[in-house]
Amino acid sequence: DLEAETSTRIATLEEDLQTKAAAEQTSGELGARLDELKAQLDQKDEQLGENELQVAGLEGELEEARAATAKVQAELEEKIAALETALGETTGNLEGQIEALRSEIALKDNELKEAAKDTEAAAEQLAALKAEVAERDGRLAAQVEAAGAGEEQVATLRDELAKKEEALAEAE
């Protein structure tokens, strides 16, 4: 019995040794895996630190960009306000100039209307003068014609007088 018990005990111890060896192997593998995971974790932690530095740098750049944007926006708002003021002044000046031009145009329009009336009156006077000149021309033509006929009569009378004087001179 002792032998059987020893044999059982040896078998159990051998099993325990095998289990222990398997456990040690597994423990070694797990240790190696744990070391590998720790190394990966350290690498990830280092990468996270670098990322945090990059994020901090980017946040700084973002703040600088925001500040620059705010500065540019303020400058643009100033320029827009100045342009609006200048535009208002220009518009005011232009409105004044436009009103002055409208007044000048109205005055010139009235002057043109008066000149048109004067031109129409002058045309009527010219037509009347032309009619009067034509009438005088007609009378003068009649007088010239009458004078021409009178000259013929005078010439005829002179001829007759000359003949009578000749006849009288012969008779004496």
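These are my notebook entries on a predicted model of one protein chain.

**Entry 1: fold.** I looked up the secondary structure first. The protein chain has 1 helix and 0 strands. Helix 1 covers residues 2-171.

**Entry 2: overall shape.** I then checked how far the chain extends. Along its principal axes, the C-alpha trace spans about 230 × 35 × 25 Å. The radius of gyration is 69 Å, whereas a compact globule of 172 residues would have one near 16 Å.

**Entry 3: burial and surface.** I asked what share of the 172 residues is buried. The value is 0%. The chain exposes about 15,400 Å², and I noted that carbon and sulfur atoms supply 57% of that area.

**Entry 4: charges.** I looked up the charged residues next. The protein chain carries 18 positive and 45 negative charges. The mean positions of these two sets lie 10 Å apart.

**Entry 5: a negative patch.** I found a negative surface patch formed by Asp42, Asp45, Glu46, Glu50 and Glu52. From this patch I picked Glu50, which lies in helix 1. Its relative accessible area is 44%, so Glu50 is partly exposed. That value is over the 30% needed for a patch residue.

**Entry 6: a nonpolar patch.** I also found a nonpolar surface patch, made by Val72, Leu76 and Ile80. The patch measures about 260 Å². Leu76 is found in helix 1. Is Leu76 buried, partly exposed or exposed? Leu76 counts as partly exposed because its relative accessibility is 47%, and partly exposed runs between the 20% and 50% cut-offs.

Key
Residues numbered from 1 in each chain as written. Predicted model: local features only at pLDDT ≥ 70, side-chain atom pairs only at ≥ 80, totals over all residues. Heavy atoms only, no water. Helix = DSSP H or I, 4+ residues; strand = E, 2+ residues; numbered from the N terminus. Rg over C-alpha atoms; globule rule 2.2 N^0.38 Å. Buried < 20%, exposed > 50% of the residue type's maximum accessible area, 1.4 Å probe, protein only. Areas by Shrake-Rupley, 256 points an atom, 1.4 Å probe, with all protein chains shown as cover. Lys, Arg positive; Asp, Glu negative; His and termini not counted. Charge placed at Lys NZ, Arg CZ, Asp CG, Glu CD. Patch = residues over 30% accessible without salt bridge, like charges linked within 9 Å, V, L, I, M, F, W, Y side chains within 5 Å. Salt bridge = Lys/Arg side-chain N within 4 Å of Asp/Glu carboxyl O.
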